[in-house]
Each structure stands twice: as structure tokens, then as C-alpha cells.
Amino acid sequence: VTERLLPDFAFQGSAHDRMSDVRTDVDFLAECWADPASRVVVVSRGHLAWGSHGGGLALFTPADAPAGERVLLGRADGVVYFAVLSDPAAAKTSDLDLRPLRTIAAALDRLQGSLAVHTVALAQWHERHARCAVCGGVTVPEQAGAVRRCTTCASQHFPRTDPAVIMLVVDDDDRCLLGHNAARDASWYSTLAGFVEPGETLEDAVVREVSEETGVCADEVRYVGSQPWPFPSSLMLGFMAHAARTSISVDGVEITKARWFTRDELRREVEAGELVIPTTVSISGALIQRWYGAALPQRRTD
Ligand SMILES: [Zn+2]
């Protein structure tokens, strides 16, 4: 168990054993699929089947699950979980209540969050990798859906995860830096974030992104936690950083405004509804709350 450096947010900590040792054991996997105690999560185009009774994911028995590509998720409390990747046409005829992961994340318990984020991340990778990146040939799943292999050149392809840094910069007066993203409503401010570039360390990515987006010079970069964010395939790596220089000059493209906030300013503006910040579903909200030191009013926006 690692030290907890952030308040709670969604998709923290795998709650199921991924059973990577049995992925090639076809007989054992067939036995698990034949077991009526096994459960199946159903996903279609990144949307998850939602249960009709009492909320939560719909968990099918293998016999009741709709047709589709079958992948192994793993085991929890003695139950083996699979996911079925249902094609949209089939999903439509089976009358499923399909919901985007982002809209249900806050309603999932730890195990369901763990299964849901694994399912969506894996499903979106399968959907986007039907062709080989080496030769263009058709790829097919193997190892219970953990790998794809090219039917022409035999290259193996592994699920892709794109690292992105997300950071809260704090200055010597203990103010935090938040930016307004051009794609969001005018009152929306959030932590800065960006993808790690090839050949770059995480620390360098933090310093570069802060500089590019706001002109602020960051140092003392400290890792505090991570969040899988499969929209479609990110892993958000959370950092706190210190501002060596505080003057702001936004890039004007991605970030059109950026501001330093004291705790009083942040609380007052959030309470007045003048400022909307991420909820603690995301690691962004957790980073802000960590700095603030207490829960802030939550307004659903994502
Ligand atoms: Zn190939």
C-alpha cells in the first residue's frame, strides 16, 4: 500500500486480480465462461450496460450476455469477470441501457469502478486497433483479449496507454494556478495538463506544459498519484509543483485565461457560482482539494 497523498477520486486502485497467469489457458478460461457464477460487463463504443435494478453496472451471466468479442477482466471475491464488446447494432437490438463511463463514474463502488475502467480502456483499444501498425494486416485478439496479433506478419500489439501529466502549481504566497480551457464554458477553471512527448521525462513534461500554457516557470515537481482516464487511452499522472516565477502569459490557443487563486478567492467564487472547477471524480479536482485542504462545493459539469 502506497502512502495516500490525495483525497478520493474515481478509478483509484485495482479491486480485481487481473489473472494474467491464465490468459493463455484456454481450457481454464472455457471452464470460467461455463460457470454460471461468472459475471459479464457489457460495453459498446465506450458505453457500459447499466443495471435496471438499484443502479450500478449490469452484470450478466455468461449465458445471458449478448454476443460479442469476449475479454477476461479478472477475479474478485471468488467471482471471475469477463467483458463482452458488443457491436453497436447488436447492442441496439438487445435493448441495453448504455451509459458513458464519465457520467456514471461517481456512482460506481470501488470494484465496479475498477471493472468499468478496465473494460472501457481495453474495449476502446480493441476498437481502434483492428489493423496492424507494422504492415496494415488484420489483427485478431489473443491471450483472452490482452494482446492482438497480426494475421499477416505475426506482430504482437499490446494495449496502448498515453501518459499525460496533470499538475497544480502553487506559488510562495500559497496561491494556486488554474487555467481556463478554450473548449469549456467561460466560468470553468482547472489544473493544467498535457501529454508527455516522446523522449521526455515526466518532470520535464510538467515544466514544459506549465510554461507553454501559462508562461509560468515551475520547479520542485513532486508526483502525488495517478488516474486511468480511458477517453480514449490516457493515464493522468498527477503532480504538485512550485512556481519559480509567477508572471502569466497564456498560449491563447488551448488556455485562454489563467489566474492565481488564494483559498478565499477560490471558495468565494465557487460558492457564488462565478467559478466552476472539476469535481473530485477526476484527479484534477483531487489536486485542487489537496491544496485547499478541505472539501469544496461540487458542481457536476463533466
Ligand atoms: Zn502486420
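This is a conversation between a first-year student and an author about a predicted model of a protein structure with a zinc ion.

Reader: Could we start with the metal, and which residues coordinate the zinc ion?

Author: The zinc ion is coordinated by the SG atoms of C132, C135, C150 and C153, at 2.3 to 2.4 Å. Along the chain, these donors follow the spacing C-x2-C-x14-C-x2-C.

Reader: And what arrangement do the four donor atoms make around the zinc ion?

Author: The arrangement is tetrahedral, because the angles that the four donor atoms subtend around the zinc ion are 99 to 115°, and four donors count as tetrahedral if all angles lie between 85 and 135 degrees.

Reader: What about C150, is that one buried or exposed?

Author: C150 is buried, with a relative accessible area of 4%, whereas C153 is partly exposed, with a relative accessible area of 33%. The cut-off that matters for C150 is that buried means under 20% relative accessible area.

Reader: C150 seems to end a strand, so which strand is β8, and what does β8 pair with?

Author: Strand β8 covers residues 147–150, and two bridges join β8 to β9 in the antiparallel sense. One of the residues to look for is R149, whose bridge partner in β9 is Q156. These strands belong to an open sheet of three strands in the order β7-β8-β9, with antiparallel pairing. The edge strands of that sheet are β7 (139–142) and β9 (156–157), each of which pairs on one side only.

Reader: Changing topic, where is H16?

Author: H16 is in the segment before α1, and α1 itself covers residues 26–34. With a relative accessibility of 6%, H16 counts as buried.

Reader: Which side chains does the side chain of H16 make a polar contact with?

Author: A polar contact of 2.7 Å joins the side chain of H16 to the side chain of S114, and another, of 2.9 Å, joins the side chain of H16 to that of H118. If you leave aside the neighbours within four places in sequence, H16 is in contact with several residues, including L73, G74, R75, A76, L111 and L115.

Reader: S114 and H118 look like they sit on a helix, so how many residues does α4 have?

Author: Helix α4 has 19 residues, 110–128, and from its first C-alpha to its last it reaches 27 Å, which is close to the 27 Å expected at 1.5 Å a residue. The helix is mostly covered, since 15 of the 19 residues of α4 are buried.

Reader: What caps the N-terminal end of α4?

Author: The cap is D109, which places a side-chain oxygen 3.3 Å from the backbone nitrogen of L111.

Reader: Now for the strands, which ones is β1 joined to?

Author: Five bridges join β1 to strand β5 (residues 79–85), and these two run parallel. For example, the bridge partner of V40 in β5 is F82. Two bridges join β1 to strand β3 (residues 59–60), running antiparallel, and there V41 has L59 as its bridge partner. Two bridges also join β1 to β2, again in the antiparallel sense, with L48 in β2 as the bridge partner of V43.

Reader: Why is β1 called largely enclosed?

Author: Five of the six residues of β1 are buried, so β1 is largely enclosed by the rest of the structure.

Reader: And what is in the loop between β1 and β2?

Author: G46 lies in that loop, between β1 (39–44) and β2 (47–49), and G46 counts as buried at 9% relative accessibility. The hairpin of β1 and β2 has two residues between the strands, and R45 takes a positive phi near 50°. Leaving aside neighbours within four places in sequence, G46 is in contact with R99, P100, L101, V120, Q124 and E127.

Reader: Last topic, what does β10 pair with?

Author: Nine bridges join β10 to strand β14 (residues 234–245), and the two run parallel, with P163 standing opposite L235 in β14. Strand β12 (residues 192–195) pairs with β10 in the antiparallel sense over four bridges, and here M167 stands opposite L192. Two bridges join β10 to strand β11 (residues 176–181), which run antiparallel. β10 and β11 form a hairpin with five residues between them, and D174 in the turn has a positive phi of about 65°.

Reader: How many residues of β10 are buried?

Author: Eight of the nine residues of β10 (162–170) are buried, and this strand is therefore mostly covered.

How values were computed
Residues are numbered from 1 along each chain as its sequence is written. This is a predicted model: local features need pLDDT of at least 70, side-chain atom pairs count only at pLDDT 80 or more; totals for chains, interfaces and linings use all residues. Side-chain values use heavy atoms; hydrogens and water are left out. Buried means under 20% relative accessible area, exposed over 50%, partly exposed in between (1.4 Å probe, protein chains only). A polar contact is a pair of N or O atoms within 3.5 Å; within protein, one must be able to donate a hydrogen and the other to accept it, and residues adjacent in sequence count only if both atoms are side-chain atoms. Contact means heavy atoms within 4.5 Å. Donors are N, O and S atoms within 2.8 Å of the metal (3.2 Å for Na, K and Ca); water is not among the atoms, so sites may look incomplete. Four donors count as tetrahedral if all angles lie between 85 and 135 degrees; four count as square planar and six as octahedral if opposite donors are over 155 degrees apart and all others between 65 and 115; anything else is irregular. Two strands pair if DSSP finds at least two bridges between them. The expected span of a helix is 1.5 Å times one less than its number of residues.
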